[in-house]
There are 2 protein chains.
Amino acid sequence: MLSPTTHRADPIKILSMRHLPPVNGHQLIETGELMGASMSFRRNAEIYGEGEPADYLYKIVSGTARTYKVLSDGRRQIGGFYLPGDILGLETAEEHSFSAEAISGCKALLIKRRTLVALAGRQDEIARQLWSIIGEELRRVQAHNLLLIKSAQERVAAFLLEMAERVSTGNAVELPMSRQDIADYLGLTIETVSRTLTQLEKIAAIQLSSSRRIVLRNRSALSRLNS
Amino acid sequence: MLSPTTHRADPIKILSMRHLPPVNGHQLIETGELMGASMSFRRNAEIYGEGEPADYLYKIVSGTARTYKVLSDGRRQIGGFYLPGDILGLETAEEHSFSAEAISGCKALLIKRRTLVALAGRQDEIARQLWSIIGEELRRVQAHNLLLIKSAQERVAAFLLEMAERVSTGNAVELPMSRQDIADYLGLTIETVSRTLTQLEKIAAIQLSSSRRIVLRNRSALSRLNS
DNA sequence: CGTGATCTTGAGGGAATTCAATGTCGGTGG
DNA sequence: CCACCGACATTGAATTCCCTCAAGATCACG
């Protein structure tokens with residue numbers, strides 16, 4: 001059962017809670033000054049579009065989301081994957097610089113940006129958390145940068161290790177995204193991702209139980225690939 | 001001559017001034033609560049190292065700096081180039097995640113992070129500027145990400161356009177960094193950068209006056225390459 | 001069971017890298 | 001002043017890695 005505190009009007013909790021328990025009954029949580037409206041998105045539904053006003057942050061409650069950009073020639077670059085507990089749509093600009101979509105069915109908590117910023121001005125703890133969140137995002141994007149200069153093997157290995165940290169139960173990784181998503185995240189083609197995975201299986205670094213389920217058999221081998 | 005305000009104890013000015021006039025005489029500027037110590041770095045000198053405590057921000061006054069990481073196999077990835085007016089070392093973590101060096105002789109204004117953060121808690125204007133600076137940094141890193149999935153031509157073209165915006169006088173771009181720096185920034189080899197530049201010269205998009213001086217002859221051609 | 005979507009595998013080609021040599025520029029000392 | 005030197009940059013040839021195009025294989029779903 002839910003602990004009573006999850007229903008309290010506490011913006012700090014909204015920001016910091018890693019997994020928010022499901023919102024039972026009504027879709028609106030009263031959280032003091034910070035309205036947390038819960039919103040559901042079905043598979044492939046748009047959460048927000050590039051260029052739209054960035055009025056809300058979205059805290060993923062369940063499911064997975066992706067941010068992406070489509071270049072003029074049709075190539076798609078995925079900026080990141082967002083799992084439960086992650087915060088999406090963090091921009092200091094007035095407009096979203098990426099689009100966001102639900103990968104699987106997906107529930108998110110909406111947080112009004114202006115309200116949050118105003119609140120941060122008065123409550124140090126909120127401000128501190130906001131800084132930590134945007135700093136985390138910056139580090140994530142920088143790590144992604146480092147990925148993109150590496151070889152296909154290194155990129156895939158790094159991706160697997162990253163996902164293992166985020167979704168793993170033991171050594172098994174249940175991937176929420178398709179090969180195409182992975183490819184567009186890593187700056188590779190879907191074929192190269194597929195080939196690299198079978199290659200990693202051949203050297204006994206991983207085991208492909210099914211296409212979406214991957215077991216890490218030899219993490220140190222993967223780390224070693226990770227230059 | 002310097003206007004008197006440049007010497008006033010005004011942290012907002014320190015953050016926002018695009019180009020800080022040279023500090024004549026003593027090396028320490030009294031800026032109220034925010035001490036702005038001026039510091040000089042010679043070519044290739046380290047400004048800070050990866051993993052060191054991130055106690056200071058550095059506002060470049062003159063010269064150019066680079067941030068970088070060296071992977072275990074020796075490859076170097078340059079995270080960004082910082083020109084006069086840019087702020088370096090912005091981390092919300094306790095430690096620097098990149099190293100920083102002066103590319104050319106370089107003067108920077110040191111800003112104590114803790115002091116700045118404390119100040120931001122009391123002055124909205126400071127907080128607002130801090131947000132804008134880190135948001136800018138985030139956008140810069142994301143744009144860099146997009147670069148790294150493109151072809152060599154596109155990367156070099158995008159790099160030239162970026163530098164043109166930042167250092168150009170008309171159509172001439174005076175590059176402060178070496179080919180190796182450019183290569184490590186773009187995730188290419190020095191040879192590929194060189195070849196691509198001569199290629200761009202052949203199609204009359206640019207002119208290589210000298211190796212460090214490049215004239216943009218056809219910006220729309222460069223933009224077109226920029227997918 | 002079909003049917004479409006997703007994933008894997010194969011063969012060939014192309015873009016960037018590697019390795020190697022040559023060229024250019026700025027400084028230093030004869 | 002010019003010859004030499006080292007650092008930096010360009011160019012060339014061969015190779016490697018990833019992409020493209022194409023054909024199967026597998027999976028989910030009606």
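**Exercise 1. Describe how DNA strand D is held at the protein surface, starting from B:Arg212.**

Solution. A polar side-chain atom of B:Arg212 lies 3.3 Å from a phosphate oxygen of DNA strand D, and this, like everything that follows, is read from a predicted model. The elements that give two or more residues to the surface near DNA strand D are α6 of chain A together with α6 of chain B.

The next step is to look at chain A, where an N or O atom in the side chain of A:Thr192 is 2.3 Å from a phosphate oxygen of DNA strand D, while an N or O atom in the side chain of A:Glu191 is 2.9 Å from a base nitrogen of that strand.

We can then widen the view to the whole surroundings: 17 residues lie around DNA strand D, and those that come nearest are A:Ala152, A:Thr192, B:Arg179, B:Ser194 and B:Thr198. On the side of the DNA, sugar and phosphate account for 65% of the atoms of strand D that come within 4 Å of the protein.

The last step is to ask where the surface comes from and what it is made of. The element that gives the most is α6(B), with 4 residues, and by class the surface near DNA strand D has 8 polar, 7 charged and 2 nonpolar residues.

**Exercise 2. Carry out the corresponding description for DNA strand C, and find which residues are closest to it.**

Solution. Begin with the surroundings: DNA strand C is surrounded by 17 residues, of which A:Arg179, A:Ser194, A:Arg195, A:Thr198 and B:Thr192 are the closest. Of the atoms of DNA strand C that come within 4 Å of the protein, 60% belong to sugar and phosphate.

Next, sort the individual pairs by the part of the DNA that takes part. For a base, a polar side-chain atom of A:Arg195 lies 2.7 Å from a base nitrogen of DNA strand C. For the phosphates, a polar side-chain atom of A:Arg212 lies 3.3 Å from a phosphate oxygen of DNA strand C, and an N or O atom in the side chain of B:Thr189 is 3.1 Å from a phosphate oxygen of this strand.

Finally, assign the surface to elements and classes. Both α6 (190-202) of chain A and α6 (190-202) of chain B supply at least two residues of the surface near DNA strand C, and the largest share, 4 residues, comes from α6(A). The residues of this surface divide into 7 charged, 8 polar and 2 nonpolar.

**Exercise 3. Work out how chain A is related to chain B, and through which surface the copies meet.**

Solution. First, superpose the chains: a turn of 180° with a shift of 0.0 Å along the axis lays chain A on chain B with an RMSD of 0.0 Å. That is the relation of a two-fold axis.

Second, compare the interface residues of the chains. Of the interface residues of chain A, 100% are also interface residues in chain B, so the copies meet through the same surface.

**Exercise 4. Place strand β5 of chain A among its partners, and decide whether it is mostly covered or mostly open.**

Solution. Strand β5(A) spans residues 65-70, and it is mostly covered, since 5 of its 6 residues are buried.

Now follow its pairing. With strand β6 (residues 76-82) of chain A, β5(A) runs antiparallel, joined by 6 bridges; as one instance, A:Lys69 has A:Gln77 in β6(A) as its bridge partner. These two strands form a hairpin with 5 residues between them, and A:Gly74 in the turn has a positive phi of about 100°.

β5(A) also pairs with strand β8 (residues 99-102) of chain A, in the antiparallel sense and over 4 bridges, where A:Tyr68 has A:Ser99 as its bridge partner in β8(A).

**Exercise 5. Is B:Thr67 buried or exposed, and where is it placed?**

Solution. Locate the residue first: B:Thr67 is in strand β5 (residues 65-70) of chain B. Its relative accessible area is 5%, and because buried means under 20%, B:Thr67 counts as buried.

Then look at what surrounds B:Thr67. Leaving aside neighbours within four places in sequence, its contacts include B:Tyr48, B:Ile78, B:Tyr82, B:Leu88 and B:Phe98.

Technical notes:
Residues are numbered from 1 along each chain as its sequence is written. Chains are lettered from A and ligands numbered from 1 in the order in which they are written. This is a predicted model: local features need pLDDT of at least 70, side-chain atom pairs count only at pLDDT 80 or more; totals for chains, interfaces and linings use all residues. Side-chain values use heavy atoms; hydrogens and water are left out. A residue is near a molecule or strand if one of its heavy atoms lies within 4 Å of it. A polar contact is a pair of N or O atoms within 3.5 Å; within protein, one must be able to donate a hydrogen and the other to accept it, and residues adjacent in sequence count only if both atoms are side-chain atoms. Ala, Val, Leu, Ile, Met, Phe, Trp, Tyr, Cys and Pro count as nonpolar, Asp, Glu, Lys and Arg as charged, and the others, Gly among them, as polar. Copies are superposed by least squares on the C-alpha atoms of residues with pLDDT of at least 70 in both. Contact means heavy atoms within 4.5 Å. Buried means under 20% relative accessible area, exposed over 50%, partly exposed in between (1.4 Å probe, protein chains only). Two strands pair if DSSP finds at least two bridges between them.
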